[in-house]
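Reader: Could you walk me through how to read a structure like this? I would like the general idea and then the case at hand.

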Amino acid sequence: MTTIDLPPGVTISDDTILADIQGNILRGYNMRFVRHIVVRVANPAAARASIAAIVTGTNGMPTLTTAEVWEEGTKPATCVNVGITAAGLGALGLRPDWLATFPDEFLEGAPHRARKVGDIADSAPEHWIDGLGNADHVHLMWTIHALEHRDALDEVATRLESAWAESQAFTVVTRIDGATFDTYTGDAADRDTVHFGYRDSISQPRFVVKGQYAGRADAQPIASVGTVLLGRIDDPGTAEVPAEHYRTSFPGVTWQMPEATEGSVTIELGVNGCFSAFRMMEQDVHGFEQFLERSALEVTTELDRRRAVGEPAGPPEIVWDKERIAAKLMGRWRNGVPLSLSHWTVGGDAESSFTGPGLPPPLADENLNDFDFLDDEIAALDDSDGTHCPIGSHIRRANPRDGRIVQRSANYTRPLVRRGVPYGPPYDPANPNDGHRRGLLGHFMSASLIAQFEAVMYDWINIGLHDPRVTRTNDPIIGANREATSSFEIPLPGAEPVVLTGFPRFIQTVGSIYLFCPSVTALRFLANPEAALTPGRKETPTR
Amino acid sequence: MTTPGLGERLLIRALTAIWRRRDPPQIPVRVFSTNPSDNIQIPMNLVMPLADGSPFGRAKLIQALAGAVQEVIAGLDNTQIVHFARFTIVGDNLCMFSFYDGDFANYIRDFIYNVGSAFDALLPFINDAPPLPVEQYPDDFIEWVRTRDALQLDYPASALALGPADDRDIVKMSRRLVLLIDECQRTDPPTNVQLFAYRSYPGYTVAQIRHALEIGW
């Protein structure tokens with residue numbers, strides 16, 4: 001395993017390709033501050049000029065961050081990236097016939113697709129903040145990350161907004177700030193913690209760098225670059241990175257390529273780009289903590305009752321405290337340790353069992369993702385029945401890994417690259433009604449929104465179609481739950497499961513934007529399509 | 001009921017033209033719902049006009065289908081979301097009637113992934129076929145199927161309640177029904193309409209039924 005900080009899936013020699021890909025797609029920046037500036041195009045010509053200046057870092061503009069390798073010690077203080085909506089592409093002047101080559105779900109936009117991903121009732125677009133519920137209102141989203149200091153972020157943001165005000169390129173719709181927990185607590189150990197107290201950003205699609213695995217050890221097969229980047233699936237590969245590492249998540253199936261055609265010239269706008277569902281998710285931390293407390297008491301009471309009347313109730317040494325309930329809902333303990341690596345079994349396994357109370361001992365970082373759900377050889381490790389990690393838990397819905405699912409061929413076909421930063425201060429149980437809004441700002445990136453992001457949200461998160469034992473229930477953490485119908489089953493070895501009911505939706509969507517994250521080449525095209533389409537002067541994407 | 005004569009047909013045409021201007025019809029689209037009951041055992045009535053309706057053309061189609069049957073069965077078994085599927089020639093159309101669980105686009109995409117080559121073999125015998133192979137044009141194929149799937153009217157309830165909820169005048173609703181059917185005939189290809197479907201038990205997924213009956217899923 002390698003820990004070098006390289007965008008995975010491409011070889012070091014692919015410098016021209018790396019320089020064409022926006023930097024936040026293949027790697028997480030792991031920076032402390034983020035600001036998303038949502039804008040509308042006010043003056044198309046000025047907007048195109050601004051994009052051109054940011055791509056090249058000229059005219060006093062910050063430079064767009066690409067996937068080029070950061071050598072040791074050269075991680076920048078700030079990064080700048082951009083995503084564009086369908087309305088934004090139109091506002092920038094992309095011809096309708098070119099726009100029509102983009103996939104329908106992107107063209108329709110997040111508000112139109114809201115019902116499909118469970119953004120209903122209080123999460124419906126009419127309740128989203130700052131007009132984000134109107135797809136025509138939102139054109140681009142500029143994202144600024146700052147490694148250590150908010151001042152650095154402010155400086156870049158001020159530079160951008162001052163230039164836009166002067167040129168009238170864009171008007172700002174809203175600014176959305178996020179910051180990692182350690183910026184509040186001063187404890188570096190809190191860097192990856194998010195609201196609800198879980199450690200986040202552990203599981204990501206794993207690619208290959210020069211024949212070596214990049215990222216944490218993982219029992220899952222490596223992902224191919226085509227699961228997130230468009231246009232790379234025909235890559236012939238190398239001895240170190242074979243061609244199959246470039247395919248889409250559905251081997252043999254390709255996705256629609258956005259393109260612009262003028263006469264005999266065609267520019268494939270999608271190459272080295274991806275789509276992202278940006279979501280602003282507001283979390284009811286107080287309600288969640290109360291539910292954990294209540295559920296711990298209910299489960300303990302129920303199992304005591306069973307034992308009192310001689311019914312099977314699972315291993316008696318298990319402590320059903322709030323941390324265990326939180327772990328069952330997520331599939332991981334709040335310190336990131338997966339249930340699959342800390343489970344208890346009938347008879348117990350002294351080395352792997354954790355009976356509580358509280359959290360299990362932490363695992364080495366590189367081992368946090370090294371598990372799956374089935375084991376044909378060691379019965380104690382097999383979790384077909386969900387007695388370790390419940391079938392309906394969040395991580396088992398969002399990524400069933402090798403688990404048995406209804407659509408037999410769908411395992412590993414819906415991977416999502418997740419980039420998330422929390423917003424709002426950490427919850428203080430001593431001051432639960434502090435008036436702060438808190439949640440997560442997340443990019444969910446993929447080569448196909450409909451085949452990956454929407455398919456996960458619709459089939460698995462909110463219907464539970466993938467397993468008949470959880471069909472008709474929603475994800476307990478992010479699902480569109482209602483108190484009247486919500487249900488979460490915790491299987492127990494040798495005993496009837498305990499069922500938690502009556503819980504509300506803990507995470508409300510307060511904004512969502514479907515974005516196209518173009519390559520540098522595509523951004524240059526958008527800035528000056530005439531130049532790109534002039535025969536002999538065309539800018540061909542680096543394939 | 002007798003076939004309308006020329007005068008009556010002209011009158012109907014004139015009336016629908018007037019009504020269209022006053023109340024332009026819109027073919028309703030399926031609304032996404034996260035309610036499980038709205039996503040289980042959904043009918044699909046795919047009507048595909050034959051490219052060659054002659055006995056020779058039909059024979060070639062049947063031969064192609066016979067060669068793909070085992071692949072189709074294996075693929076449907078793999079998706080595990082299809083309750084029933086029937087390929088039937090009705091008039092000059094090859095029809096695939098099925099009941100499936102979940103999202104339409106996911107269903108068709110799974111179908112492409114699992115039995116795309118079977119459709120590649122069959123679609124050359126269909127008029128106005130989508131770009132092939134379907135594995136390279138999945139979005140085009142999904143849209144192609146969607147436009148050839150019959151519009152599902154929950155007849156008679158929704159068909160008789162066409163229009164805004166605060167404007168349920170019986171005459172207006174009858175006009176809207178006429179206009180909707182007229183509009184369906186104007187689309188290319190013409191939109192077929194499913195009027196009514198029945199099942200004798202509450203909706204369960206394929207996997208729920210197989211799980212409950214302990215026959216594996």
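Author: Happy to; we will go through helix packing, then chain B, the chain contact and some backbone details. One thing to keep in mind is that this is a predicted model.

Reader: Let's begin with helix packing. What angle do the axes of α3(A) and α13(A) cross at?

Author: The general idea is simple: two packed helices are described by the angle between their axes and the distance between the axes. Here, helix α3 (residues 44–56) of chain A and helix α13 (residues 520–527) of chain A have axes that come within 8 Å and cross at roughly 150°. Angles over 145 degrees count as roughly antiparallel, so that is how α3(A) lies relative to α13(A). The crossing in which α3(A) passes α13(A) is left-handed.

Reader: Which residues of α3(A) and α13(A) meet?

Author: From α3(A) come A:R48, A:I51, A:A52 and A:V55, and they meet A:V520, A:L523, A:R524, A:L526 and A:A527 of α13(A). Sorted by class, this contact of α3(A) with α13(A) holds 7 nonpolar and 2 charged residues, with no polar ones.

Reader: And how do α3(A) and α7(A) cross, left-handed or right-handed?

Author: Their crossing is right-handed. The axes of α3(A) and α7(A) come within 10 Å and cross at roughly 150°, and the two helices are therefore roughly antiparallel to each other. In this pairing A:A46, A:A49 and A:S50 of α3(A) meet A:A163, A:W164 and A:S167 of α7(A). The contact of α3(A) with α7(A) has 4 nonpolar and 2 polar residues, and no charged ones.

Reader: Now chain B. How many helices and strands does its secondary structure come to?

Author: Chain B has 7 helices and 5 strands. Reading from the N terminus, the order of its elements is α-β-α-β-β-α-α-β-α-α-β-α. The C-alpha trace of chain B spans about 55 × 45 × 35 Å along its principal axes. Of the 217 residues in chain B, buried residues make up 28%.

Reader: What share of the contacts in chain B comes from residues 24 or more positions apart?

Author: Take the contacts in chain B with a separation of 6 or more: residues 24 or more positions apart account for 68% of them.

Reader: How would I check the length of a helix, say α1 of chain B?

Author: Compare the expected span with the distance between the end C-alpha atoms. Helix α1 (residues 6–22) of chain B has 17 residues, which at 1.5 Å a residue should span 24 Å. The end C-alpha atoms of this helix are 25 Å apart, which agrees. As for covering, α1(B) is hardly covered, and the count of buried residues among its 17 residues is 0.

Reader: How many residues does each chain bring to the contact between chain A and chain B?

Author: A general point before the count: the size of an interface is often given as the accessible area lost when the parts come together. Here we can look at residues instead: the contact takes 27 residues from chain A and 29 residues from chain B. The side of chain A that touches chain B has 14 nonpolar, 8 polar and 5 charged residues.

Reader: On to the backbone. Where are the cis peptide bonds that you would point out?

Author: Look at the omega angle. In chain A, the bond from A:G356 to A:P357 is cis, with omega near 5°. A:P357 sits in the loop between α10 (322–330) and α11 (394–398) of chain A. In chain B, the bond from B:D188 to B:P189 is cis, with omega near 0°, and B:P189 is in the loop between α6 (170–186) and β5 (193–194) of chain B.

Reader: What is phi of A:Q168, and what is phi of B:D128?

Author: A:Q168 has phi near 60°, a positive value in a residue other than glycine. This residue lies in the loop between α7 (150–167) and β4 (170–179) of chain A. B:D128 also has a positive value, with phi near 55°, and is found in the loop between α3 (104–122) and α4 (138–148) of chain B.

Reader: Are A:Q168 and B:D128 buried or exposed?

Author: Count the C-beta neighbours; 12 or fewer within 10 Å makes a residue exposed. A:Q168 has 12 C-beta neighbours inside 10 Å, so A:Q168 counts as exposed. B:D128 is exposed too, with 12 other C-beta atoms within 10 Å.

Notes:
Residues numbered from 1 in each chain as written. Chains lettered and ligands numbered in written order. Predicted model: local features only at pLDDT ≥ 70, side-chain atom pairs only at ≥ 80, totals over all residues. Axes fitted to C-alpha atoms, helices over the stretch in contact; angles between N-to-C directions. Helix = DSSP H or I, 4+ residues; strand = E, 2+ residues; numbered from the N terminus. Parallel < 35°, antiparallel > 145°, perpendicular 65-115°, else oblique. Left-handed = near helix turned anticlockwise from the far one by under 90°. Contact = placed C-beta atoms within 7 Å. Nonpolar A, V, L, I, M, F, W, Y, C, P; charged D, E, K, R; others polar. Expected span 1.5 Å × (residues − 1). Buried ≥ 20, exposed ≤ 12 C-beta atoms within 10 Å, placed from the backbone.
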